[in-house]
Amino acid sequence: MKESAAPTKVRINKVQDRMIFLAPSVKLGQENEANLRDFDIGDILGQGAFGKVFKVVHKVSKRVFALKIIDKKRIRKNSMEAQMQNEIKIMYSLNHPNVVRLFNHFEDDESIYLVVEFAEEGQLMNKLKKVRKFPEAVAAGYLRDLVSALGYIHNRTPPILHRDIKPENLLMTADGKLKLGDFGWSNYGTEEERMTY
């Protein structure tokens with residue numbers, strides 16, 4: 001039996017207090033750990049309690065992504081290290097047309113960076129503010145996409161519970177498809193009923 005070759009040496013960011021595991025592609029020796037210099041940073045897309053999201057272009061591939069930048073001090077202050085690792089682990093396991101995809105992550109001493117799928121039309125909330133009310137057929141299409149995403153995550157083994165569904169976490173693509181995003185409060189379902197809000 002032939003032994004598989006050891007992964008080639010890759011560049012790892014110098015981080016004094018690493019909070020998150022290495023990205024799967026880095027751990028397997030397939031690519032260097034990403035860093036901010038790999039991206040051209042564009043407009044801010046949104047802001048939450050733990051960080052900001054920017055539109056970015058990967059300098060080598062020219063692909064457009066959303067880059068979620070999460071402040072490590074805030075994560076530590078709120079004792080959210082395990083939840084942050086859980087979010088990343090869950091997002092790597094998901095691949096569905098109605099779920100925002102995580103392509104990569106990396107960190108430095110100040111922040112954790114999630115390289116996620118870019119939804120050109122932004123948050124459903126912003127769209128709703130503009131029109132105030134969706135036509136019934138449009139609303140039905142959004143609901144169909146959300147049910148499809150929830151069916152997918154709930155039928156995983158173990159099931160994944162999103163726990164933060166709101167218009168701000170529902171993103172829109174250029175072709176009008178809805179995608180479920182922001183798995184920051186998500187968790188795995190268990191045999192016991194979860195008792196948290």
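Helices (H or I, at least four residues) and strands (E, at least two) are DSSP runs, numbered from the N terminus. Under this scheme, the chain holds five helices and ten strands.

## Basis of the model

The structure is a predicted model, in which local features need pLDDT of at least 70 and side-chain atom pairs count only at pLDDT 80 or more, while totals for chains, interfaces and linings use all residues. Residues are numbered from 1 along each chain as its sequence is written, and side-chain values use heavy atoms, with hydrogens and water left out.

The predictor's confidence in each residue is given as pLDDT, from 0 to 100. Its mean over the chain is 92, and 92% of the residues reach 70 or more. Over residues 1-6, pLDDT stays under 50, and the model has zero contacts (heavy atoms within 4.5 Å) for this segment beyond four places in sequence.

## Overall dimensions

The C-alpha trace spans about 55 × 45 × 45 Å along its principal axes. The radius of gyration is taken over C-alpha atoms, and the globule rule is 2.2 Å times the number of residues to the power 0.38. For 197 residues, a compact globule would have a value near 16 Å, and the 18 Å of the chain agrees with this.

Residues are classed by relative accessible area: buried is under 20%, exposed is over 50%, and partly exposed lies in between (1.4 Å probe, protein chains only). Of the 197 residues, 39% count as buried. The accessible surface, by the Shrake-Rupley method with a 1.4 Å probe, comes to about 12,400 Å², and carbon and sulfur atoms contribute 53% of that area. Among contacts with a separation of 6 or more, 57% are made by residues 24 or more positions apart.

## The five-stranded sheet

Two strands are taken to pair if DSSP finds at least two bridges between them. Five strands form an open sheet in the order E1-E2-E3-E5-E4, with antiparallel pairing. Its edges are strand E1 (39-47) and strand E4 (102-107), each of which pairs on one side only. On average, neighbouring strands of this sheet are turned by 25° against each other, direction ignored; axes are lines fitted to C-alpha atoms, for helices over the stretch in contact, and angles run from 0 to 180 degrees between N-to-C directions. Helix H3 (residues 81-92) packs on the sheet, where it touches E3, E4 and strand E5 (111-117), and its direction makes about 150° with that of E4.

Strand E2 (residues 51-58) and strand E3 (residues 64-71) run antiparallel and are joined by seven bridges. In this pairing, Lys 55 stands opposite Ala 66, and Val 53 has Lys 68 as its bridge partner. Seven bridges also join E3 to E5, again antiparallel, with Leu 67 opposite Val 115. Six of the eight residues of E3 are buried, so this strand is largely enclosed by the rest of the structure.

## The three-stranded sheet

An open sheet of three strands has the order E6-E8-E9, also with antiparallel pairing. Strand E6 (122-123) and strand E9 (178-180) are at the edges with a single partner strand each, so one side of each is left without a neighbour in the sheet. Two bridges join E6 to strand E8 (residues 170-172), and Gly 122 stands opposite Met 172 in E8. Helix H5 (residues 136-154) packs on this sheet by touching E8 and E9, and its direction makes about 30° with that of E9.

## Individual residues

Two residues other than glycine with positive phi are listed below.

| Residue | Phi | Location | Relative accessibility |
|---|---|---|---|
| Lys 62 | near 65° | loop between E2 and E3 | 57%, exposed |
| Arg 163 | about 70° | loop between E7 and E8 | 30%, partly exposed |

The hairpin of E2 and E3, to which Lys 62 belongs, has five residues between the strands.

A cis peptide bond joins Thr 157 and Pro 158, with omega about -5°. Pro 158 is found in the loop between H5 and strand E7 (160-161).

Val 131 is found in helix H4 (residues 124-131) and, at 44% relative accessibility, counts as partly exposed. Val 131 and Arg 76 are 55 residues apart in sequence, and their C-alpha atoms are 39 Å apart in space.
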